[in-house]
Amino acid sequence: IKAPDGHVTLKELQDVVANPDIFKRTNDTVNLEADKFMEWVQSHEWSLVSFRVDWCPWCQMLVPIWKSSAVILSNREVPVPLATVECTKHMDLCKEAGVTAFPTIKLYHWGKHVAPDYKGKRTVNDIVHFAETAADQKAVAEKAGVNVSDTHRSDVGCTVVGHLFVHKVPGRIQLSLKSDTHTFNREAVNFTHQVHHLSFNDIPETEEEMEAIMLDHEIQDKVSRWLSQTFTSHTKHTMHEHYLKVVEYEYKNQGFGWANANRIYEHSISSHSYATDSHLPAVKFHYDLSPLQVSVEHQSRPWFSFITMVCALVGGAWSIMSVVNDVATSSGLGKMFADAKTLRASS
């Protein structure tokens, strides 16, 4: 529910900022300890909790806004207290609450998390309006089918589909996390991934041609060797890197897939993963397009070549049988077989 402009008046803001303590980094709202967290949120019908870390610049910017919002809600006698959890001290609690970035603002109703997390603007006007309409926010979430009791999902992920235009020089495609308003929790970042298809092709003339190339199984079997491989992060802070050597193949007198394309790009893959403490986990695809081109030419045989080959096989078999017969006759094996046959008949 979007907050209307001017929901918090200028006079209210002036009265609050007149107190110089508002701009101090220390927070005068309720600071929750891990052993008191559930007791506190269960004792209030509605409550807003900010999960933060002291070193995060976005968290530091939120401090005066959070404190100002708490004062205005108190002056308006709105029964929605604001609290803070310092995740640097209580990381296990933040993990249990499903905090993946800082700051994260969560709404609680009698101790149960109301999903989703607060996604509005971090202004006094918006936070105060969100707190005052907490019941409506919960109703909207339930109507949208959001599980209001869920605090953390283990199946959170995303699907990346699309194409990029790259130059024929070595480069890198990187999938990582970035936000202009959050600092990510490294402990909660997991880049376990599955690659269904990744290929290099010439620039298509239309979107339909691009889609046809990506869905053509004959081309996919040649240019994408991933075969839906899964790369798992077995430890925390795991970085995944894939190295691709791309070689252009030209097939003469034989086409594949869309419009009988005769030029495709095959690549070899070398992958590894490692733990990093200096960067956020990510997935990197390093590619190197070889300046060499492999030319494959298919030449078909004429129909009479097949007949000649069959005749040669039949003639060869006849010749061998004749030689075997001559050897058997000249060595007396033939007479021995005849005598054995006569004896059998007489008996």
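In the predicted model described here, Trp-55 is exposed, with a relative accessible area of 53%, a value that places this residue in the exposed class because the class begins over 50%. Trp-55 nevertheless takes part in an aromatic pair with Phe-102, in which the ring centres lie 6.5 Å apart and the planes meet at 80°, an arrangement that is edge-to-face. The two partners occupy separate elements, Trp-55 being placed in the loop between strand 2 and helix 3 (57-75) and Phe-102 in strand 4 (residues 101-102), so that the pair ties together parts of the chain that are 47 residues apart in sequence. In contrast to Trp-55, Phe-102 is buried, with a relative accessible area of 2%, and this pair therefore joins an exposed ring, that of Trp-55, to a buried one, that of Phe-102.

A search of the whole structure returns 5 aromatic pairs. Among them is the pair of Phe-37 and Phe-51, whose ring centres are 6.0 Å apart and whose planes stand at 55°, so this pair is classed as tilted. Here too distant parts of the chain are linked, since Phe-37 belongs to helix 2 (residues 37-42) and Phe-51 to strand 2, with their positions 14 residues apart in the numbering. Phe-37 is buried, and Phe-51 is buried as well. Together with Tyr-108, Phe-37 and Phe-51 make up one aromatic cluster.

Strand 2, which carries Phe-51, also forms part of an open sheet of 5 strands that has the order 1-3-2-5-6 and mixed pairing. The edges of this sheet are strand 1 (30-31) and strand 6 (112-114), each of which pairs on one side only. Within the sheet, strand 2 (residues 46-52) and strand 5 (residues 104-109) run antiparallel and are joined by 6 bridges. Ser-50 is found opposite Ile-105 of strand 5.

Charged side chains provide a further set of links, and the structure holds 8 salt bridges. Side chains of opposite charge can pair when their charged atoms come close. One of these contacts is formed by Arg-52 and Glu-86, whose side chains meet at 3.5 Å, N to O. Arg-52 is in strand 2 and Glu-86 in strand 3, so far as position is concerned 34 residues apart, and the pair links distant parts of the chain. Arg-52 and Glu-86 are both buried.

Two further salt bridges converge on Arg-76, as the following distances and the network they form indicate. The side chain of Glu-12 meets that of Arg-76 at 2.7 Å, N to O; Glu-12 lies in helix 1 (residues 10-17) and Arg-76 in the loop between helix 3 and strand 3 (82-86), so this pair ties together parts that are 64 residues apart in sequence. The side chain of Glu-132 meets that of Arg-76 at 3.0 Å, N to O, and this salt bridge links helix 5 (residues 124-132), where Glu-132 is located, to the loop between helix 3 and strand 3 that contains Arg-76, across 56 residues. Through these shared partners, Glu-12, Arg-76 and Glu-132 are joined into one network. Arg-76 counts as partly exposed at 26% relative accessibility, and Glu-132 is likewise partly exposed, with a relative accessible area of 30%; buried residues, by comparison, fall under 20%.

On the surface, a nonpolar patch is formed by Trp-303, Phe-304, Phe-306, Ile-307, Met-309, Val-310, Leu-313 and Val-314, which together have about 870 Å² of accessible area. One member of this patch, Met-309, is found in helix 9 (residues 303-330). With a relative accessible area of 39%, Met-309 is partly exposed, and this residue passes the requirement for patch members because they must have over 30% relative accessible area.

Considered as a whole, the protein has 10 helices and 13 strands. Of its 347 residues, 35% count as buried, while the accessible surface comes to about 21900 Å², with 57% of that area belonging to carbon and sulfur atoms. Among the contacts with a separation of 6 or more, 81% are made by residues 24 or more positions apart. The pairs described above include examples of such links, among them that of Trp-55 and Phe-102, at 47 residues, and that of Arg-52 and Glu-86, at 34 residues.

Definitions and conventions: Residues are numbered from 1 along each chain as its sequence is written. This is a predicted model: local features need pLDDT of at least 70, side-chain atom pairs count only at pLDDT 80 or more; totals for chains, interfaces and linings use all residues. Side-chain values use heavy atoms; hydrogens and water are left out. Patches are made of residues with over 30% relative accessible area and no salt bridge: like charges are joined within 9 Å, nonpolar side chains (Val, Leu, Ile, Met, Phe, Trp, Tyr) within 5 Å. Accessible areas come from the Shrake-Rupley method with a 1.4 Å probe; for residues, only the protein chains shown count as cover. A salt bridge is a side-chain nitrogen of Lys or Arg within 4 Å of a carboxyl oxygen of Asp or Glu. Helices (H or I, at least four residues) and strands (E, at least two) are DSSP runs, numbered from the N terminus. Buried means under 20% relative accessible area, exposed over 50%, partly exposed in between (1.4 Å probe, protein chains only). Two strands pair if DSSP finds at least two bridges between them. Rings of Phe, Tyr and Trp (its six-membered ring) pair if their centres lie within 6.5 Å; planes under 30 degrees apart count as stacked, over 60 as edge-to-face and the rest as tilted. Contact means heavy atoms within 4.5 Å.
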